[in-house]
Amino acid sequence: MSSPYRSFSALFLTTLIMLIAQGSLSTYLGLSLAQNQVDSTWIGAMMSCYYLGLVLGSKLGHKLISRVGHIRAFVACAAIVSACVMSHVLIDTLEVWLLLRVLVGMAMMCQYMVLESWLNEQAENSQRGAVFAFYMLISYLGMIGGQLMLMQFPELGIAPLLIISMFSSLCIVPIALTSRIHPAPLLPAPLKIMTFWRKVPQSLTAITVAGLMAGAFYGLAPAYMASKGFPTEQITIFMSVTILAGLLAQWPMGKLSDRIPRSRILRFNAALLAVLTLLMAILPLNSTFFMLTSFCYGFLSFTLYPIASAFANQHIEQDERVALSATILLTFGLGACIGPLIASGLIHILGPDMLYAFISASALVLFLRLIHVNYTLKMTKRLMEEQQLAQFKMGSGDLVSSPLAAALDPRVDEATVLAQMHDEDAAKAQGYVSSHYDDDVEPETEVDEHLWDYTPENMVYPEPTTIDDDSEYKASS
């Protein structure tokens with residue numbers, strides 16, 4: 001069996017080069033707008049447009065890949081990204097920049113779909129975990145590399161855009177020259193949003209809030225730190241540290257979620273994030289404090305999505321997981337679209353500290369929502385159990401105390417029942433009224449004393465027989 005790292009080396013190298021470009025582009029645009037004193041609302045709108053492009057690209061990407069194939073679709077989208085990056089050099093109009101971000105988001109989603117569907121189809125089951133773990137590692141390293149590249153250009157200028165455009169073009173080379181067999185065309189992934197919101201409300205709530213946080217952080221954190229007077233070098237270091245923390249958190253949090261209920265981990269993460277980001281918003285800012293809190297923030301926030309996704313999949317049947325994946329991506333993308341808009345509006349009204357105040361409020365809402373949903377599910381489960389117990393409650397009435405109940409009992413010998421019923425008929429013929437009749441009825445004739453001995457208390461029944469739980473009882477005719 002060949003090594004998965006060598007088998008997919010072309011795809012991994014493509015991912016690394018592509019993410020270096022993408023990881024630096026968002027930070028560059030945020031810093032560039034902040035240096036030009038552009039209102040924070042525009043910065044938030046620009047990041048929202050990127051995630052809007054990701055959402056739209058999830059549909060268009062399927063059609064494009066199924067029509068022209070994986071490599072051709074990837075090459076076309078890489079060319080679009082490269083051209084959009086160079087357009088930022090030529091055009092300064094903000095409205096055009098918003099449109100360019102939508103196009104970049106759509107093209108990037110198609111590229112992600114090409115890489116991940118290729119890996120998912122051709123990775124063997126015994127190597128799938130290692131393949132995707134290494135894919136995520138390469139993705140994080142690419143984003144960190146993009147931040148470190150910007151450190152070499154503290155004044156920004158057009159040089160970083162030229163390098164970003166070069167990387168966007170060079171990512172074509174490894175995948176275009178690969179000798180691996182092309183994967184099969186993609187199948188459409190149906191959306192069942194309301195169905196999954198009823199089935200896995202905690203998971204989709206956490207994914208929505210994770211999108212809100214990610215969109216606000218990637219879009220506005222560079223501008224926030226620039227407004228606090230940090231130079232470009234420190235800003236890129238802080239961004240790199242946060243992303244690195246997210247990378248380092250994946251393995252231990254993944255192992256922990258296999259031992260502790262994932263709903264409990266989500267609540268714990270949300271509570272810690274609410275407190276941590278509130279401190280980041282209200283306490284005085286210095287390099288050491290912000291470096292430490294940024295690391296902790298990346299450790300907690302970047303694990304919400306994978307834990308919530310795993311939590312959702314454990315409650316869904318195998319044949320629903322393709323639809324669930326599409327719903328999760330759409331939910332995260334919509335949250336990431338809305339987050340920067342809300343955060344930038346708050347920053348415009350109340351100041352830059354509202355970035356982390358908004359993230360803190362989002363984490364608090366998530367914590368309260370998880371508590372409420374968890375409590376509701378527990379109460380619903382308890383009520384259902386009580387109803388099930390009530391359905392099996394012992395019946396009462398005339399039939400229970402009647403000898404007919406013994407006749408219907410499969411454990412009672414039929415001959416004994418007939419004999420007892422014959423004796424009771426004889427007692428009735430002589431005026432005996434059994435105890436299950438109304439108390440105000442009196443016998444019309446005298447009764448022999450020995451007939452009073454036949455009461456339900458002193459009747460002798462045969463020993464009950466054991467019926468196998470797996471067998472079905474059949475009454476004899």
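Two aromatic rings of Phe, Tyr or Trp count as a pair here if their centres lie within 6.5 Å. Keep that in mind for the tour, and remember that you are looking at a predicted model.

**The whole chain**

Start with everything shown as a cartoon. You should see 19 helices and zero strands. The protein chain has 477 residues, and 45% of them count as buried. Among contacts with a separation of 6 or more, 82% are between residues 24 or more positions apart. Switch on a surface if you like: the accessible area is about 25200 Å², with 63% of it belonging to carbon and sulfur atoms.

**Into the core**

Now select Tyr51, Tyr218, Met225, Leu355 and Tyr356. These residues have the most contacts inside the largest nonpolar core, which has 120 residues. Zoom in on Tyr218 and show what surrounds it: Tyr218 touches Met47, Tyr51, Met143, Met239, Ile243 and Phe302, leaving aside residues up to four places away in sequence.

**Rings meeting rings**

Next, colour the aromatic residues. Across the whole structure there are 16 aromatic pairs. For one of them, select Tyr51 and Phe332: the ring centres are 6.5 Å apart and the planes sit at 75 degrees, so this pair is edge-to-face. Follow the chain from one to the other and you'll travel 281 residues, from helix α3 (residues 40-68), home of Tyr51, to helix α15 (residues 321-350), home of Phe332. Tyr51 itself is buried, with a relative accessible area of 8%.

Then try Phe217 and Tyr297. Their centres are 5.3 Å apart and their planes are at 40 degrees, so this pair is tilted. Here too the pair links distant parts of the chain: Phe217 is in helix α10 (residues 201-227) and Tyr297 in helix α13 (residues 287-301), 80 residues apart. Both Phe217 and Tyr297 are buried.

Don't stop at the pair, though. Add Tyr218, Tyr224, Phe230, Phe238, Phe290, Phe302 and Tyr356 to the selection, and you have a cluster linked by ring pairs, with Phe217 and Tyr297 as members.

**A buried glutamine**

Move on to Gln111, in helix α5 (residues 94-122). Is Gln111 buried or exposed? Buried: its relative accessible area is 2%. Show the neighbours and you'll find that Gln111 touches Met18, Phe74, Cys77, Ala78, Val81 and Cys171, again not counting residues up to four places away in sequence.

**The salt bridge**

How many salt bridges does the structure hold? Just one. Select Asp353 and Lys228 to see it, with the closest N and O atoms 2.8 Å apart. Asp353 lies in the loop between α15 and α16 (354-391), while Lys228 lies in the loop between α10 and α11 (232-257), so the pair ties together parts that are 125 residues apart in sequence. Asp353 is partly exposed at 29% relative accessible area, and Lys228 is partly exposed at 35%.

**Out to the surface**

For the last stop, select Val275, Leu278, Leu279, Ile282 and Leu283. Together they make a nonpolar surface patch of about 430 Å². Pick out Leu283 and you'll land in the loop between α12 (262-282) and α13. Leu283 is partly exposed, with a relative accessible area of 39%.

Notes:
Residues numbered from 1 in each chain as written. Predicted model: local features only at pLDDT ≥ 70, side-chain atom pairs only at ≥ 80, totals over all residues. Heavy atoms only, no water. Core = buried A, V, L, I, M, F, W, Y, C linked by side-chain atoms within 4.5 Å. Buried < 20%, exposed > 50% of the residue type's maximum accessible area, 1.4 Å probe, protein only. Contact = heavy atoms within 4.5 Å. Phe/Tyr/Trp six-rings, centres within 6.5 Å; stacked < 30°, edge-to-face > 60°. Helix = DSSP H or I, 4+ residues; strand = E, 2+ residues; numbered from the N terminus. Patch = residues over 30% accessible without salt bridge, like charges linked within 9 Å, V, L, I, M, F, W, Y side chains within 5 Å. Areas by Shrake-Rupley, 256 points an atom, 1.4 Å probe, with all protein chains shown as cover. Salt bridge = Lys/Arg side-chain N within 4 Å of Asp/Glu carboxyl O.
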